[in-house]
Amino acid sequence: MKYDAIVAGAGAAGIFAARELALGGAKVLLLEMGPSLEHRLCPRRETRKECFRCDPCRLLYGWGGAGAFSDGKLSLSSGVGGFLPEILPEGVTEELLSRVDSVYLSYGAPEKVYGGDPEESRKFSELALSAGLTLVHNPLRHMGTDKSREVLALMERDIKKIATVRFNLPCEEVLVEKGAVRGVRAGKETFKADTVILAGGRSGAGWMKAVAEKLKIPLKPNPVDIGVRVECPYEVAAPMTTGLYEAKLRYLAPTFRDEVRTFCMNPGGEVVHEVYEDCLTVNGHSYAGANGGLTNFALLVTTRFTEPFDDPLSYGKFIARLANLLSGGILVQRYADLVSGKRSNPERIKKARFSPTLEDATPGDLSFALPHRHLVDIIEMMTALDRVCPGLCGEDTFLYGAEVKLYSSRIALDENLETPVKGLYCAGDGAGVSRGLMQASASGMLAARAILKTKGVKN
């Protein structure tokens with residue numbers, strides 16, 4: 001069957017690409033290796049028992065990608081969530097983000113913007129600077145995991161009306177002839193098109209890299225982020241979350257001069273696990289109207305490897321597997337135990353006033369899983385944050401590990417996100433151009449607009 005365009009992957013990038021193409025009059029096929037949104041039910045979340053290791057993982061694959069179960073933060077700043085400003089001419093990223101934002105609003109995203117008050121941001125920025133921390137300007141909308149699913153459900157309903165959507169059908173091969181794309185092979189079926197957008201998402205990073213290597217498309221390693229998820233009483237984290245909701249803080253750890261940053265704050269949320277191929281990592285969710293009494297956020301150490309090493313993806317997975325080996329899943333440790341060189345056990349965990357929200361995390365010792373350099377960076381960052389949020393380094397703070405952000409290698413793309421293979425475009429986290437909902441969505445829209453232009457459609 002012949003299509004004007006095929007989109008592989010129904011995460012944020014794929015959804016916005018397919019929507020833009022179909023509204024522009026193109027005949028579009030959207031392929032997704034996971035199920036539709038209504039069938040994305042995680043057995044562990046339903047039973048509160050151990051992970052069933054579903055293949056593919058229901059938390060990561062299916063309509064909406066990993067973003068379907070995220071806490072639904074829409075960062076409105078071009079300086080957050082990806083690398084599009086490095087690829088596009090000045091002002092283009094902002095224009096795309098504005099268009100993406102209007103789409104989310106039309107599907108029910110909240111009007112309220114956190115972090116938009118300059119005076120409030122200035123006051124907190126001054127407090128952060130006094131502790132050696134730098135606040136990144138980041139106005140955002142917060143949908144929450146529950147509202148995010150509602151928005152995605154409406155998008156799925158509408159896109160099915162204007163495009164062909166196939167679930168549980170992974171794209172296995174990109175068909176290329178004489179340097180130009182000719183279609184894809186998915187399962188036992190072959191679909192023809194002279195334009196294809198690969199939008200594998202963060203969970204498809206390995207697949208995207210393999211496709212690029214097979215087609216001899218140049219790759220550039222992105223940094224890898226490795227660290228822990230911090231969970232503390234809601235009141236302790238309130239200076240970072242009240243008003244701003246998510247304080248994007250960066251810190252240059254003094255011992256090794258590494259960059260450490262906060263990521264994905266979830267006031268009143270819960271800690272969850274995710275399955276990436278054969279390893280478990282930790283993440284966090286929050287909901288639109290709920291407050292469970294605890295706040296969680298990630299502390300990530302950014303590492304940029306130099307030659308000859310060029311596989312940060314495998315390195316990150318190795319760290320995650322090591323934590324899994326020690327715990328049978330996810331490790332949890334009291335901060336007080338970590339700094340005193342003690343392994344947390346169930347008795348020590350019970351000394352805290354609160355229980356960990358990830359109930360099946362195993363008490364243990366993160367120093368056996370994370371490299372010494374990363375632990376020193378994290379402890380130094382915690383010490384700095386304690387000056388902003390007094391009590392953060394207390395006995396009521398849990399650290400979970402490992403949290404690893406498996407960003408894909410950056411695929412060689414032009415300013416339209418087209419690869420050296422004619423008609424083959426790449427978008428989203430899997431292409432290494434974004435690391436968040438907004439820039440992923442914008443990248444899908446960008447690739448679709450470029451394709452429509454080649455077909456003579458003005459948008």
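Two strands count as paired here if DSSP finds at least two bridges between them. With that settled, I can start on the sheet. What you have in front of you is a predicted model.

The sheet is open and has three strands, in the order β7-β8-β9, with antiparallel pairing. Its edge strands are β7, residues 171–177, and β9, residues 189–192, and each of these pairs on one side only. From one strand to the next the twist averages 25°. For β7 and β8, the latter being residues 180–186, the antiparallel pairing runs over six bridges. If you want a place to look, find Glu 177, which stands opposite Ala 180 in β8.

Next, the helices. I will take two packings that share α4.

The first is α4, residues 92–106, against α13, residues 437–454. Their axes are 9 Å apart, and the packing angle is about 105°. Angles from 65 to 115 degrees count as roughly perpendicular, so α4 is roughly perpendicular to α13. Which residues of α4 make this contact? They are Glu 95, Leu 96, Leu 97, Arg 99, Val 100, Asp 101, Val 103 and Tyr 104. From α13 come Leu 437, Met 438, Gln 439, Ser 441, Ala 442, Met 445, Leu 446 and Arg 449. Sorted by class, the contact has 10 nonpolar, two polar and four charged residues.

The second packing is α1, residues 12–23, with α4. Here the axes come within 13 Å and cross at roughly 90°, which means α1 is also roughly perpendicular to α4. On the α1 side the contact uses Ala 12, Phe 16, Arg 19 and Glu 20. On the α4 side it uses Arg 99, Val 100, Val 103 and Tyr 104. Those four were also in the list for α13. By class, the α1 contact divides into five nonpolar, no polar and three charged residues.

Last, the second largest pocket. How much space lies in it? About 240 Å³. Its lining consists of 13 residues, and those nearest the centre are Asn 416, Leu 446, Arg 449, Ala 450 and Lys 453. Which element gives the largest share of that lining? The answer is α13, with five residues. By class the lining has six nonpolar, three polar and four charged residues.

To tie this to the helices: Leu 446 and Arg 449 are among the residues nearest the centre of the pocket, and both also belong to the contact of α13 with α4. That is where I will stop.

Notes:
Residues numbered from 1 in each chain as written. Predicted model: local features only at pLDDT ≥ 70, side-chain atom pairs only at ≥ 80, totals over all residues. Heavy atoms only, no water. Axes fitted to C-alpha atoms, helices over the stretch in contact; angles between N-to-C directions. Parallel < 35°, antiparallel > 145°, perpendicular 65-115°, else oblique. Contact = heavy atoms within 4.5 Å. Nonpolar A, V, L, I, M, F, W, Y, C, P; charged D, E, K, R; others polar. 1 Å grid on protein atoms, 1.4 Å probe; cavity = no way out; pocket = protein on both sides within 12 Å on 5 of 7 lines; lining within 4 Å. Points joined across faces, edges and corners; volume = space filled by probe spheres on them.
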